[in-house]
Amino acid sequence: MRLKGIYAGKPALFQLLLLLLCLLFGAILSSLIGTGIFFTFHGISGNLSQYPGMMRMMQFVSAVGTFLFPALAVAWLCSPDPADYLCIKRNTDNRVLALVLVSMVLMSPTTTLTALLNKQMVLPSFMAPIENWMQTQEALAEQLTNTLLAGDGLLIVLSNLLVMAVMAGITEEFLFRGALQRIIGQWTTNHHIVIWSAAIIFSAFHLQFYGFLPRMLLGAYFGYLLYWSRNIWVPVFAHFVNNAFAVIGMSDSRLKENEFISGDISNANLLPYSALAVITLLLFIVCVQHIRRLSKQKQSNNYQ
């Protein structure tokens with residue numbers, strides 16, 4: 001039976017439900033595979049938190065099952081050309097990638113200040129149960145990150161870069177930008193609505209609400225990169241750069257203690273850091289204009 005493109009032309013709601021179904025199936029399957037591997041090596045009574053290497057393995061399997069598989073499955077079932085559906089291109093302009101790298105550095109102070117603002121969030125007293133749940137999710141995420149980053153040595157850093165930067169960049173972008181933006185785009189031709197809707201869902205999916213705003217801004221920027229370039233590898237690279245900076249910064253004890261690296265800006269440095277953020281934001285806007293121009297040129301050349 002030929003499955004490729006079998007659901008091509010189906011309405012957006014059908015494709016969204018199919019994506020959710022594949023996501024649920026992939027998450028369950030990857031969880032079973034990861035847990036099975038762990039039990040095989042450490043037994044049913046083993047404590048996962050004591051084995052960072054196994055946690056990295058399970059993160060790797062989970063990323064493939066929860067993010068990459070649903071995107072590929074929906075693209076295969078809903079389009080006769082899955083690569084076009086996900087905007088997978090063979091050639092990427094190296095000049096665009098270089099500018100994306102610079103733009104991520106320039107964007108960092110702004111996202112840091114947004115994160116500081118987000119951390120000040122306090123919900124009304126009647127929403128205390130929700131706030132407690134949000135704080136619990138934040139603590140669990142922080143504990144997981146610290147466990148994954150535990151240990152010294154180049155091999156551990158490279159392993160974390162593979163799982164938390166390379167795989168996260170590829171799998172999450174394929175799902176949220178490649179598949180989800182494509183589906184939302186069938187409801188409206190307004191690309192701003194498409195991009196920001198996917199960014200909000202992307203940020204909410206992480207269940208880290210004290211970092212919701214900066215993650216949403218990053219998700220929106222990744223979405224615009226895809227819209228401008230029509231190439232999924234451009235936002236994948238941007239996502240990788242963002243996560244790689246975080247992994248490297250948190251893996252070195254000296255960098256981790258630096259407030260300009262960790263993002264915990266003290267009150268004494270808040271004003272000069274805000275001034276720096278304004279300057280870098282203006283430079284970021286200039287950099288983005290060049291990215292848009294080069295991307296437009298690339299597409300024009302492809303059609304010639």
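**Close-up views**

**Figure 1.** Lys-89 counts as partly exposed, at 34% relative accessibility. The model shown in this and the following views is predicted. The label "partly exposed" applies because the value of 34% falls between the limits of 20% for buried and 50% for exposed residues. Lys-89 belongs to the loop between α3 and α4 (94–119). With its neighbours within four places in sequence left aside, the contacts of Lys-89 are Asp-84, Arg-230, Asn-231 and Trp-233. Leu-123 offers a contrasting pair: 34 residues separate Lys-89 from Leu-123 in sequence, and their C-alpha atoms are 44 Å apart in space.

**Figure 2.** Cys-87 and Arg-230 are presented here for their backbone angles. Most residues other than glycine have a negative phi. Cys-87, although not a glycine, has a positive phi of about 60 degrees. Arg-230, also a residue other than glycine, has a positive phi, near 55 degrees. Cys-87 lies in the loop between α3 and α4, and Arg-230 lies in the loop between α8 and α9. Are these residues buried or partly exposed? Cys-87 is buried, because its relative accessible area of 13% is under 20%. Arg-230 is partly exposed, because its relative accessible area of 35% lies between 20% and 50%.

**Figure 3.** The second largest pocket holds about 660 Å³ of space. Its lining is made up of 31 residues, and those nearest the centre of the pocket are Cys-87, Leu-226, Tyr-227, Arg-230 and Asn-231. The elements that contribute two or more residues to this lining are α3 (82–85), α6 (154–184), α7 (191–205), α8 (212–229) and α12. Helix α12 gives the most, with 5 residues. Which kinds of residue form the lining of the second largest pocket? There are 9 nonpolar, 14 polar and 8 charged residues in the lining.

**Figure 4.** Thr-280 is a buried residue of the predicted model, with a relative accessible area of 10%. The residue counts as buried because 10% is under the 20% limit. Thr-280 is part of helix α12, which covers residues 267–303. The Thr-280 side chain reaches the backbone oxygen of Leu-106 at 3.4 Å. This pair is a polar contact because 3.4 Å is within the 3.5 Å cut-off. If residues up to four places away in sequence are not counted, Thr-280 touches Leu-106 and Pro-109.

**Figure 5.** Leu-113 sits in helix α4. Its relative accessible area is 22%, and the residue is therefore partly exposed, as this value lies between 20% and 50%. When residues up to four places away in sequence are not counted, Leu-113 touches Leu-270, Tyr-273, Ser-274 and Ala-277. Tyr-7 is 106 residues from Leu-113 along the chain, and a separation of 44 Å is found between the C-alpha atoms of the two.

**Figure 6.** Helix α9 consists of 19 residues, from 233 to 251. From its first C-alpha to its last, α9 reaches 26 Å, close to the 27 Å expected at 1.5 Å a residue. Which residues of α9 are buried? They are Val-234, Pro-235, Val-236, Ala-238, His-239, Val-241, Asn-243, Ala-244, Val-247 and Gly-249.

**Figure 7.** Leu-161, placed in helix α6, is in contact with residues that include Ala-244 and Val-247. Both Ala-244 and Val-247 are among the buried residues of α9. Beyond neighbours within four places in sequence, the full set of contacts of Leu-161 is Val-166, Ala-244, Val-247 and Ile-248. Leu-161 is itself buried, because its relative accessible area of 16% is under 20%. Gly-223 is 62 residues from Leu-161 in sequence, and the distance in space is 22 Å, C-alpha to C-alpha.

**Figure 8.** Met-54 is located in helix α2, which spans residues 52–78. With a relative accessibility of 13%, Met-54 counts as buried, because this value is under 20%. The contacts of Met-54, with neighbours within four places in sequence left aside, are Ile-37, Phe-38, His-42 and Leu-48. Along the chain, Met-54 and Phe-41 are 13 residues apart, and their C-alpha atoms are separated by 9.4 Å.

Conventions: Residues are numbered from 1 along each chain as its sequence is written. This is a predicted model: local features need pLDDT of at least 70, side-chain atom pairs count only at pLDDT 80 or more; totals for chains, interfaces and linings use all residues. Side-chain values use heavy atoms; hydrogens and water are left out. Helices (H or I, at least four residues) and strands (E, at least two) are DSSP runs, numbered from the N terminus. Buried means under 20% relative accessible area, exposed over 50%, partly exposed in between (1.4 Å probe, protein chains only). A polar contact is a pair of N or O atoms within 3.5 Å; within protein, one must be able to donate a hydrogen and the other to accept it, and residues adjacent in sequence count only if both atoms are side-chain atoms. Contact means heavy atoms within 4.5 Å. On a 1 Å grid over the protein atoms alone, a cavity is a set of points where a 1.4 Å probe fits but cannot get out, and a pocket is an open set with protein on both sides within 12 Å along at least five of seven lines; lining residues have an atom within 4 Å of a point. Grid points are joined across faces, edges and corners, and a volume is the space filled by probe spheres set on the points. Ala, Val, Leu, Ile, Met, Phe, Trp, Tyr, Cys and Pro count as nonpolar, Asp, Glu, Lys and Arg as charged, and the others, Gly among them, as polar. The expected span of a helix is 1.5 Å times one less than its number of residues.
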